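Here are some notes to read alongside the structure. Please keep the 3D view open and find each element as it comes up.

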Amino acid sequence: MRILITGGAGFIGSNFCYYLKKKRPALQQVVLDKLTYCGNLDNLKDLRGARGFRFIRGDIADRKSVVQAMRGVEMVMHFAAESFVDRSLHQPVDFVRSNVQGTQVLLDEARRVGVKKFVQVSTDEVYGSLGARGKFTENSPLQPSSPYSASKAASDLLALSYYRSYGLPVVVTRCSNNYGPYQFPEKLIPLMISNALEGRDLPVYGKGLNVRDWIYVQDHCSALEAVLRKGKPGEVYNIGGDAEEKNIDVVRSIIKILDVSPQLIKYLPDSIRPGHDFRYAISHAKLTRQTGWQPSVSFREGIEKTVVWYLDNQPWWQKIKKRAAFKAFYKKHYKTR
Ligand code: NAD
Ligand code: DAU
């Protein structure tokens, strides 16, 4: 059996490759990744050269690369995407190309080779924003707020259309906010940990009252593996960690674990992220009912493990933060909006 993992050099993709290697060692893994600013071969260093593991550098929107990667493949786990809301506000065109056009090329080629399962890894952000109460279910309307979430909603609908029109066995998953090892240090948690370690400001949007439903990345990986085995074609499954936290509380937890000064917090006008969703909360009842899956890591345990990982792997994120492109984006985003 061979599985194609797109975006396997990114945050969740690389964690999934390790998870699968342990859980299903006989499964051959082919990773297709463009190595954008977020893709990083260092994330896969313990897998490269291993039996049954192959890495291909290529773009999912480039049919030639996809044809090559799809040879002998029976299942697809599709992570590859532009994934940062703030970048989508600066540069939406990249999101349409990779997330929408790229997904369409993959779906075409998956159909041509007749894969047995195609998992479209999506996000709860396609549902838009919640008020103080309620949770997203699979029947919540799609109301994306940013070019990122709109591009993901478009790719979900394309994927489901391939099920309805051509019978391609597509399953869509929509997960809440992940955190853990190998997350690119532009996202809230790794940015706060690394900035705190560098003694830099901790930029909090608005008053930090927005709420996210956090899931430790390995719990997302186990949910995806359950969907790979038991998910029903044509269905959508929400995945969440049952761990709602206000942003400011997340930042305060990190400050406490690292024992740094709360004076590092710098509140920025919320207009830095126009259309900023207030709250996400996920009901994963359908997935739990159909597969028995449950999240297993509490936020307190997960955040401690994550801080320890970033402490133990400082060269990994320091190398990224030294890049001219990282510094240029940081300056443009935090200083000029
Ligand atoms: P990431 O940005 O860390 O990784 C994305 C990977 O995709 C990178 O390795 C990048 O090089 C690759 N990639 C991007 N465009 C590509 C292209 N055109 N061709 C080939 N490779 C390309 O993202 P992540 O946080 O690991 O997210 C992975 C997936 O999970 C995304 O589809 C995202 O929408 C979804 N998701 C993320 C979260 C989260 O909290 N991070 C939550 C729910 C869903
Ligand atoms: O919900 C799933 C989504 O979670 C995924 O689809 C996305 O790929 C992933 O990036 C994440 O999106 P968010 O926009 O929720 O994550 P981010 O880390 O960018 O921001 C989390 C919250 O923290 C959000 O309310 C904005 C706030 N924030 C973020 C940054 C980068 C700050 O206050 N300061 C910051 O510097």
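1. Begin with helix α7, residues 217-230, which lies across β7 and β9 and runs at about 70° to β9. Bear in mind throughout that this is a predicted model.

2. The strands under that helix belong to an open sheet of 3 strands, ordered β7-β9-β11, with mixed pairing. At its edges are β7 (177-179) and β11 (244-246), each of which pairs on one side only. On average, neighbouring strands of this sheet are turned by 50° against each other, direction ignored.

3. How many bridges link β9 and β11, and in which sense do they pair? Strand β9, residues 211-216, pairs with β11 over 3 bridges in the antiparallel sense. Within this pair, D213 is placed opposite E244 of β11.

4. A second helix also belongs in this part of the picture. Helix α8 lies across β9 and β11, and its direction is at about 85° to β11.

5. Helix α8 (residues 247-258) also has a helix partner: its axis and that of helix α6 (residues 188-198) come within 10 Å and cross at roughly 35°. The crossing in which α6 passes α8 is right-handed. On the α6 side, the residues that meet α8 are L188, I189, M192, I193, A196 and L197. Their counterparts in α8 are N247, V250, V251, I254 and L258.

6. Now turn to the other open sheet, which has 7 strands in the order β3-β2-β1-β4-β5-β6-β10, with parallel pairing. Why do β3 (53-57) and β10 (236-239) each have a side without a neighbour in the sheet? Both stand at the edges and have a single partner strand, so one side of each is left free of a neighbour there. Neighbouring strands of this sheet are turned by 20° against each other on average, direction ignored.

7. As a general reminder, the strands of a sheet pair through backbone hydrogen bonds, in a parallel or an antiparallel way. In the sheet of 7 strands, β4 (residues 75-78) and β5 (residues 117-123) run parallel and are joined by 4 bridges. There, M75 stands opposite K117 in β5.

8. Which helix lies across β5, β6 and β10? That is helix α5, residues 147-166, and it runs at about 155° to β5. Strand β6 covers residues 170-175.

9. One residue deserves its own point. V96 lies in helix α4, residues 92-113. Its relative accessibility is 42%, and because the partly exposed class runs between 20% and 50%, V96 counts as partly exposed. V96 and A150 are 54 residues apart in sequence, while their C-alpha atoms are 9.0 Å apart in space.

10. Finally, the chain as a whole. The protein chain has 12 helices and 12 strands. Its radius of gyration is 19 Å, close to the 20 Å that the globule rule gives for 337 residues, so the chain is as compact as a globular protein of that length. Taken along the principal axes, its C-alpha atoms fill a box of roughly 55 × 45 × 35 Å.

11. Of the 337 residues, 58% are buried. Among contacts in the protein chain with a separation of 6 or more, 82% are between residues 24 or more positions apart. The accessible surface comes to about 14,300 Å², and 50% of it belongs to carbon and sulfur atoms.

Terms used: Residues numbered from 1 in each chain as written. Chains lettered and ligands numbered in written order. Predicted model: local features only at pLDDT ≥ 70, side-chain atom pairs only at ≥ 80, totals over all residues. Heavy atoms only, no water. Pairing = 2+ DSSP bridges. Helix = DSSP H or I, 4+ residues; strand = E, 2+ residues; numbered from the N terminus. Axes fitted to C-alpha atoms, helices over the stretch in contact; angles between N-to-C directions. Contact = heavy atoms within 4.5 Å. Rg over C-alpha atoms; globule rule 2.2 N^0.38 Å. Buried < 20%, exposed > 50% of the residue type's maximum accessible area, 1.4 Å probe, protein only. Areas by Shrake-Rupley, 256 points an atom, 1.4 Å probe, with all protein chains shown as cover. Left-handed = near helix turned anticlockwise from the far one by under 90°.
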